Amino acid sequence: MEEQNQFYRDTWAEIDLDCVKENVQQMKSLLPQDVALMAVVKANGYGHGDIQIAKAAIEGGASYLAVAFLDEALALRKKGINDPILVLGATRAEYINIAGKNNITLTFFQEEWVREAQAQLAEDVTIKLHLKLDTGMGRIGVRECPTVQSIEALIMDDKRMELEGVFTHFATADSPELHYFKLQLQRFEELVNAFQTRPKMLHVSNSAAALRNIAPYLNGIRYGIAMYGLTPSPAIKEELPFQLMPAFSLRTKLIHVKKLLPGEKVSYGATYEAKEEEWIGTVPIGYADGWLRKLQGQEVLIEGMRVPIVGRICMDQCMIKLPFELPVGTIVTLIGVNQGEMISIDEIADKLETINYEIPCMISNRVPRVYIQAGKQVDMKNAILH
Ligand SMILES: Cc1ncc(COP(=O)(O)O)c(C=O)c1O
């Protein structure tokens, strides 16, 4: 009989929820008691799984969740999360009732939006709002003090709306050079001073700012990348106050093993040629899983040894050079630890000339996620079937 969420392919991502919990607990222990840790679980928990990460974060001490879109917040509500959720991105004013009825906090940053939302909002629905200030990120947010004042005045008279929070986002909190960061902080203060009555939740820090303790924690921090055990940027690795525990591993298994003779070729374009007798293994992961073609030549781990991906990466499969004949079914680690050897997400990001944030996000839904707690599998998600 088909089990719910069972999967049938030999490639999976392993998410260690104890690592997530630990990364949250460690950060939380550095914060004053009354500072909220808001767990950022947008983009399906940075590719790790929204509901599982949300639960682990709450267990670790998070008291607020943050997502990018209303859809992501509604998905968490559907999955049974009752804790406060803030939508960090823009939501159309016409959807205000859906947000209010589901007790979802919205971010806004335009006076016009408030007027339209007030016109749309039902008499018996209330909504919590956070005002976004653009202090130098140049993305979304109010930039002028008079706009802050007119927005405050508009909301003050409306019983259905609670201006619960105000926040901004830093562009350079993960950089050793803090000049621009300080300018943003200063601008935040100026804009917040424009309020007659300050909202109760002021929050500015992302992981980098919180870990480095370079901005006041105020009433909360928005904790994303570090919760997943990843360093916000290589440049601040030395400054971390505790060791981050990476939660994400990516594994597959040998599905075919063969010996090539000198001169025999591998994969599309026949670009790889065996120089001598070589053992080649095939693994069922390819660019449709987010294992991009540019990862050709990247090493993987097998029996604790580093071996290269050879030839072009196909849509669903790729080939690796084995040190010797190994049996079909042997586990291959693409990201994570195998017999004491490790391939980090940072290594893959380096190879792809990008940032670590992008790596778990790019591993597609076709790759099932398996969840580990206390060393045991506790849950799994086959996103194709369910
Ligand atoms: C508005 C906002 N706050 C907080 C975060 C979390 O940042 P980090 O993952 O660097 O902690 C993000 C992530 O992009 C964001 O967009």
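User: Before we look at the ligand, what makes a pair of atoms a polar contact?

Analyst: Happy to start there: a polar contact is a pair of N or O atoms within 3.5 Å. Keep in mind that this is a predicted model.

User: Thanks! What makes the pair formed by Arg222 and the ligand a polar contact?

Analyst: A polar side-chain atom of Arg222 lies 2.7 Å from a nitrogen atom of the ligand. The cut-off is 3.5 Å, so the pair qualifies as a polar contact.

User: Which distances do Tyr46 and Tyr357 show to the ligand?

Analyst: In the side chain of Tyr46, an N or O atom is 2.6 Å from an oxygen atom of the ligand. For the side chain of Tyr357, the distance from an N or O atom to a ligand oxygen is 2.6 Å. With the limit at 3.5 Å, both pairs therefore count as polar contacts. As for cover, the ligand on its own has 390 Å² of accessible area, and the protein covers 92% of that.

User: What makes a residue part of the ligand's surroundings, and which residues are they?

Analyst: A residue belongs there if one of its heavy atoms lies within 4 Å of the ligand. The residues around the ligand are Val40, Lys42, Tyr46, Leu88, Arg139, His169, Asn206, Ser207, Arg222, Gly224, Ile225 and Tyr357. By class, this shell holds 5 nonpolar, 4 polar and 3 charged residues. The ligand takes up the space of the largest pocket.

User: Let's move to Val192. Why is Val192 called buried?

Analyst: Its relative accessibility is 2%. Buried means under 20%, so Val192 counts as buried. Val192 is placed in helix α8, which spans residues 179-192.

User: How far is Val192 from Cys145, in sequence and in space?

Analyst: The two are 47 residues apart in sequence, and their C-alpha atoms are 8.2 Å apart in space.

User: What makes helix α3 mostly covered?

Analyst: In α3, residues 50-60, 8 of the 11 residues are buried. They are Asp50, Ile51, Gln52, Ile53, Ala54, Ala56, Ala57 and Gly60. Each of these falls under the 20% cut-off for relative accessible area, so each is called buried.

User: What happens just after α3?

Analyst: Gly61 follows with a positive phi of about 125°.

User: To finish, how many helices and strands are there, and how much of the protein is buried?

Analyst: The secondary structure comes to 11 helices and 21 strands. Of the 386 residues, 53% count as buried. Along the principal axes, the C-alpha atoms fill a box of roughly 80 × 50 × 40 Å.

Note on methods. Residues are numbered from 1 along each chain as its sequence is written. This is a predicted model: local features need pLDDT of at least 70, side-chain atom pairs count only at pLDDT 80 or more; totals for chains, interfaces and linings use all residues. Side-chain values use heavy atoms; hydrogens and water are left out. A polar contact is a pair of N or O atoms within 3.5 Å; within protein, one must be able to donate a hydrogen and the other to accept it, and residues adjacent in sequence count only if both atoms are side-chain atoms. Accessible areas come from the Shrake-Rupley method with a 1.4 Å probe; for residues, only the protein chains shown count as cover. On a 1 Å grid over the protein atoms alone, a cavity is a set of points where a 1.4 Å probe fits but cannot get out, and a pocket is an open set with protein on both sides within 12 Å along at least five of seven lines; lining residues have an atom within 4 Å of a point. A molecule sits in a cavity or pocket if more than half of its atoms lie within 2 Å of its grid points. Ala, Val, Leu, Ile, Met, Phe, Trp, Tyr, Cys and Pro count as nonpolar, Asp, Glu, Lys and Arg as charged, and the others, Gly among them, as polar. Buried means under 20% relative accessible area, exposed over 50%, partly exposed in between (1.4 Å probe, protein chains only). Helices (H or I, at least four residues) and strands (E, at least two) are DSSP runs, numbered from the N terminus.
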